[in-house]
Amino acid sequence: MLKNRGIAFKLVLFFTLSSAIIFTLIFGYNYYVSRKTIEKNVEENARTIVTNAMNKIETVLRATQKVPENIAYFLENSSYNEKELVQLIYTVVEKNQEIYGAAIAFEPYAFKKTSQYFAPYFYKPNQWIEFKSIDKYYNYLYSDWYQIPKELKRPQWIEPYFGEGGGIIMSSYSVPFYKKVDGKRQFKGIVIVDVSLEQLRNIVSSIKVLKTGYGFLISKNGTIVTHPLKDLIMNETIFSIAEARNDTPLREIGRKMIHGESGLVPFKSITTEKMCWMYFVPIPSSGWSLAVLFPQDEMIEDITNLNKIVIFLGIFGLFLLSIAVVFIARSITEPLRGMAKATEHIGAGNLDIELPLVKTRDEVGKLSEAFNYMKASLKEYIKELTEATASKERIESELKIAHDIQMSILPKRFPPFPDRGEFDIYATIKPAKEVGGDFYDFFFIDDEHLCFVIADVSGKGVPAALFMTLTKTLIKAKATVGLTSDKIISRVNEDLCIGNDLNMFVTVFCGILNTITGEILYTNGGHNPPLLIRDKGDIAFVEGKGELVVGVMEDTTYTTESIILQPGDSLFLYTDGVTEAMNEKSELFSEERLKNEILKCRGESIQQVIECIMGEIAQFSHEVSQSDDITMMIVQFKGNKGR
Amino acid sequence: MLMNIILSLFIFVASLFLPCARAEETLKNAFFIPQWSPQAQFAGYYVAYEKGIYKKYGINLNILPGGPSSPSAEFLEKGEVDFATMWLSTAIQKRSQGLKLVNIAQIIQRSALMLIAKKARGINRPEDIDNKKVGIWGEDFKIQPTAFFRKYKLKVKVIPQSYSVNLFLRDGVDVASAMWYNEYHTILNAGLNPDELTTFFFHEHELNFPEDGIYTLEKTFKRDPALSCAFVKASIEGWLYAFSQPEEALDIVLKYMSKANVPANKVHQRWMLRRMKDLVLPVDKDRVPVGTLRLEDFMRVSNTLKEGGLIKNIPDFKSFYGECVKYAEK
């Protein structure tokens, strides 16, 4: 399919395609590497942000822890009365800005034998410090803040809760204190301070990552303590969110968080539903967990934007490239197409067509030049050819005229002597070229004697034809009454030898038939021996002495021989064009074949015999063009029968 | 599916029994208090109220907010309400102490009270609880655990348990008390997985104390049994509606919770409502109509109470149980 498309299409396809592949590879690799780099940077950044926030929170919590821990130490190692104790709590609340309230709660009867509960509490609901006895409000013994550190025998941060009046999230740090009784450390009560988590909330909410990234804090139970979504705070745990979202991986993350692990996990933001990275670390002192979310798309926003531009530029570039390729391809194909069209015209013979103008000096330019040169040469050649053809045509027409003349000088009316029934004569000639060197002739010398000649001039064409005409004219002129054939040939020979600078010659068989007796006196000047066809049956070549061809040696002497024809006998004369006719295998027609063919054709009229032999030669040579003149003549003696 | 068909059939049949002349009658005023603050544990009543089912049954109901500071039995005793929910064990004790109250419907058929332990602390069977610290709630919540320990001959260190499960979560106790529909889910949503917990459901240890039932004073019931039973029917219809339309019911419950300023968590309430369905309509072999109090349940609770020395005499079942379900069906 591609094969049939134009060069421009292929160029555009291959260039654009390969450029697109290269571009995609470079782009993909660049995207991958830059994304990895950014993610790595962001992760490091995340670690720093989260660790910083965690450290700040930790500092706040540890500072708070010190206060009840010191009180507990004091209670364990000093003696005190109620007044001192109350004063101590008051001072703590007064002096420590970050502490909302503080209490010391005793085990039943542990402070005073007379009262079961003792739990003085100072707190700052407003700018004034107020006092209350916790036991007046509820049985503190079963409160988390009391029970948990008591049972665990170690200080504890209590699960965050909404402070009185609501709104503000608080937590408490409870420290158990003991007293040595009879060498045994006995649990006596709890020191507790309440702190607002406002400060922590500020730390966490000040975490701003990218555009929508945020931090949140969860308690040891997974309760959301701070979060941009207010509804979640204290109302949901990370696990209830996981349950609501049917998000098992989130539950697993939550479990890791409350188990004090840290990690970086993919996480779908609760607020924006965007995919984020969540980095979480534990707050060591309280067992809470701080998490920070990094929206993934925002992390790579810069490279995403860059990529959009790069892709746009890439596509735009490919588009420009395609246009450029089309342009270049056009600059090649346009002249080519023009040349192809022009070539068609040239092929059709219109050599005057203007070739498209190509100004460039590149291959196309050279090709165009070559075309122009070719066109000019072709034009020149054709001009020459036309002239040559014209002159050849002229020569040919002249040759045709020559041929006509040549043919006209040969007797062609058969039977030539309708009133002479004692013999019959028939001849035919088929020249190889327009004019040939063979000829035949017959004429009466006197009333009884018929002279007949067959001859073959050396060479072909016009010279041979002229020589032949000369020879024919000479023979006819020399053959006078009383002269024998040897004398005729000798005289012709003498005349021909004069001025024969071209050394042309002729083979001549000249016979004189006595129409009464049937005797033929003949002279064979180097010609093919004729075939004597006896009416009784046998056929034989008339083998003579083999005398020299005519026109070569001036003083050659020729002899006359004699054969006698019985009525019905014939003499078959021919030139070497018959026996030397060739077929495709370069085989000659040969005397043998001639003899056989005559045997086959015998019994017909002499004209039919010659036509039959002519047909056989044509069949034999088939496609091979005729190389020599073919001339045949039969002289048949009929004697009295004819009269 | 089958349940839904039954429910809709029930509602359809119930509507057939409605007297057509209802609209002309004046609605009877009645007051009701659930034994705790609003949550899905009482979804049926709030839904019946919101969907106008009480009105449909001729009652102009007022629901008082329940809670720890408003014990429903006291409200009933003082005549501040006509109807109240309370545990069967509470009611039997009250009756035995002389308060003439009547169970007109036993809504919860199965006890949701349970003990929970962490497998990580080596507790897998009741015997493993021996010598362990067990968080126990006070009053009627400790009847079943006490009987459980007696049954398995366990000596435990009882730690009074507050409303939170934080002590358990932080391993301050080895075993905690929990309601299946409440604290159990709180524990799950504090990050413990069910497979990390060993649960002891009392109903699986032959200590099934059907919990929430609807009670009225005997005199109220005798004066106007039709009102009591209309209340029961309307309440049950409310329950069945809540089970068939849980999300709508949840929204109603959350509305009441927010009204009462109780922290509300939808996921938690959804869990609670689903568990209520399990408890109200348990998939039992011998199922009874919703709201039926079975004699064997009554006797089991009474006997356990007597064994524990909480009552001296077992009240008479016939006078204790108002059998509104049957009445309603007639």
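In chain B of this predicted model, strand E1, covering residues 28-33, is paired with strand E3 in the parallel sense, and two bridges connect them. Within this pairing, Phe32(B) faces Phe83(B), the latter belonging to E3(B).

Allow me to stay with E3(B), which has a further partner. Strand E10 of chain B, residues 212-217, pairs with E3(B) in the antiparallel sense, over four bridges. Here Trp87(B) stands opposite Asp212(B) of E10(B).

Why is strand E3 of chain B described as largely enclosed by the rest of the structure? Strand E3 spans residues 83-87, and five of its five residues are buried; the strand is therefore largely enclosed by what surrounds it. A residue counts as buried here if 20 or more other C-beta atoms lie within 10 Å of its own.

I turn now to chain A. There, five strands make up an open sheet with antiparallel pairing, and their order is E9-E8-E12-E11-E10. Which strands lie at the edges of this sheet? They are E9, residues 224-226, and E10, residues 263-268, both of chain A, and each of them pairs on one side only. On average, neighbouring strands in the sheet are turned by 35 degrees against each other, with direction ignored.

One pairing in this sheet deserves a closer view. Strand E8 of chain A, residues 215-218, runs antiparallel to strand E12 of chain A, residues 288-295, and four bridges join the two. Ile218(A) has Ser289(A), in E12(A), as its bridge partner.

For those viewing the strands on screen, a general remark may help: in a regular strand, side chains alternate between the two faces of the sheet.

Technical notes. Residues are numbered from 1 along each chain as its sequence is written. Chains are lettered from A and ligands numbered from 1 in the order in which they are written. This is a predicted model: local features need pLDDT of at least 70, side-chain atom pairs count only at pLDDT 80 or more; totals for chains, interfaces and linings use all residues. Two strands pair if DSSP finds at least two bridges between them. Axes are lines fitted to C-alpha atoms, for helices over the stretch in contact, and angles run from 0 to 180 degrees between N-to-C directions. A residue is buried if 20 or more other C-beta atoms lie within 10 Å of its own, exposed if 12 or fewer, and partly exposed in between; C-beta atoms are placed from the backbone.
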